Each structure stands twice: as structure tokens, then as C-alpha cells.
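Before reading on, take a moment to turn the structure around and follow the chain from one end to the other. The paragraphs below begin at a metal site and then move outward to the rest of the protein.

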Amino acid sequence: MYIFDSSKTPKPEETVGEYLRRLRESANISQQELAEAAGIHLQSLGKLERGLTKRLNSKTKKGLAIALDIPEEFLEAVLNGKSVEGIQKKQFCPHCWKGGTTPDPVWTLSRAKYCLICGNNLLNSCQKCQEPLMSFKHKFCPNCGTPYTKKK
Ligand SMILES: [Zn+2]
Ligand SMILES: [Zn+2]
């Protein structure tokens, strides 16, 4: 079963600089390596991490997202001071999602209709009673008790 690494999700109150540094340190790469992978100047990355720059142009955002293997929406959320929860669509893949865990951002943040892992249709509600999913912390529909995900 596929589980998204939730440590890559920005923490509430985390600044862009703190977030980038945390991801970089957990990936065990130097500023130089990250700057090269993202196609930005080492100086620009240094300024970002020290909180001297609070804006990212779209090229920088894209480069950092690819280099750190995170959705660009995560960077946007941090920049705008929003929680990732607030920008998520409550969508999940009934095959790949493990109920009650952090969902993969490819389901919740993109405009995707299908799971990029298995190709299944994404769902946003209970399969039995159609009650919308209210929280990714739930494994079962609070309305009818049906599990959100199918057993394999
Ligand atoms: Zn899937
Ligand atoms: Zn239900």
C-alpha cells in the first residue's frame, strides 16, 4: 500500500525558509546541491532559507517543487500563510488511500480526476450513502459506517 510521506507537508506556523531548510536537511543535501537541482542561484536559496526573501517567482517555485519532490501548492500554501488542509480538495483514491492517514497530494491538490498511482476514479464521498468526506482523519463514513477505502 502506498502512503504519502506526511513529513513533507508544511507545518502550521512554518515560514518558507524554515520549511525549505527542513526539507533540505531531511533529504540530506547541501544548499549548493538543492540550488543546482532547482536551477536557482545559491545566493537566492540562502536568502530564502534565512527568511530574507518571501516571494518566489514561478520558475523558482517549480524548480524547488521538483527538486524537493513536493507539489507547488505546498510552497504556495506556506507563502500565503495558509494551511495545506485549507487548500486541499477532499478527494481520495479508494484503492491507494489508507483511511485515516494523510492523503497523497496528487489527489487533493491537483485538478486530477483519476489516481496517478493506479488510474482509479477519485472519490470525495462515501461510496454507499454519498455523504461527503469531511476529514482525512476518518476511516469510516460517520453517516453509515462504511469504510471509505476498499479492502484489497
Ligand atoms: Zn489509486
Ligand atoms: Zn456513508
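In this predicted model, the zinc ion (ligand 1) is held by the SG atoms of four cysteines, C93, C96, C115 and C118, at 2.2 to 2.3 Å. Along the chain, the donors of the zinc ion (ligand 1) follow the spacing C-x2-C-x18-C-x2-C. The arrangement around the zinc ion (ligand 1) is tetrahedral because its four donor atoms subtend angles of 102 to 112°. For comparison, the ideal angle for four tetrahedral donors is 109.5 degrees. Two of these cysteines can also be described by their accessibility: C115 has a relative accessibility of 4% and therefore counts as buried, whereas C118, with a relative accessible area of 39%, is partly exposed.

Stepping back from the metal, one finds that the protein has seven helices and zero strands, so that, by the way such elements are assigned, its order from the N terminus on reads α-α-α-α-α-α-α. The C-alpha atoms fill a box of roughly 55 × 25 × 25 Å, taken along the principal axes. The accessible surface comes to about 9200 Å², and 50% of this surface belongs to carbon and sulfur atoms. Of the 152 residues in the protein, 39% are buried. Among contacts between residues at least 6 apart in sequence, 50% join residues that are at least 24 apart.

Where, then, are nonpolar residues gathered? The largest nonpolar core has 21 residues, and those with the most contacts inside it are Y19, L20, L64, I70 and L75. Helices α1 (16-27), α2 (31-38), α3, α4 (58-68) and α5 each supply at least two residues of this core. Apart from it lies another core, of 13 residues, among them W107, L122, C141 and Y148. In soluble globular proteins, nonpolar side chains tend to be buried together. To look at one member of the largest core in more detail, I70 is in contact with K8, Y19, L23, A65 and L75, if its neighbours within four places in sequence are left aside.

Helix α5, which spans residues 72-79, has F74, L75, A77 and V78 as buried residues. These four lie on the same side of α5 because they cover an arc of only 160° around the axis. After α5 comes G81, and its phi is positive, near 65°.

Another helix, α3 (residues 42-49), contains L42. With a relative accessibility of 36%, L42 counts as partly exposed. Its contacts, leaving aside neighbours within four places in sequence, are with Q31, Q32 and A35. As a guide to distance across the model, the C-alpha atoms of L42 and P103, which are 61 residues apart along the chain, are separated by 33 Å.

Finally, the segment after α7 (105-108) includes T146. Is T146 buried or exposed? Its relative accessibility is 19%, and because buried means under 20% relative accessible area, T146 counts as buried. Leaving aside neighbours within four places in sequence, T146 is in contact with C126, K128, K139, F140 and C141, and C141 is also one of the residues in the core of 13 residues described above.

Methods: Residues numbered from 1 in each chain as written. Chains lettered and ligands numbered in written order. Predicted model: local features only at pLDDT ≥ 70, side-chain atom pairs only at ≥ 80, totals over all residues. Heavy atoms only, no water. Donors = N, O, S within 2.8 Å, 3.2 Å for Na, K, Ca; no water. Tetrahedral: all angles 85-135°; square planar, octahedral: opposite > 155°, others 65-115°. Buried < 20%, exposed > 50% of the residue type's maximum accessible area, 1.4 Å probe, protein only. Arc of directions from axis to C-beta. Contact = heavy atoms within 4.5 Å. Areas by Shrake-Rupley, 256 points an atom, 1.4 Å probe, with all protein chains shown as cover. Core = buried A, V, L, I, M, F, W, Y, C linked by side-chain atoms within 4.5 Å.
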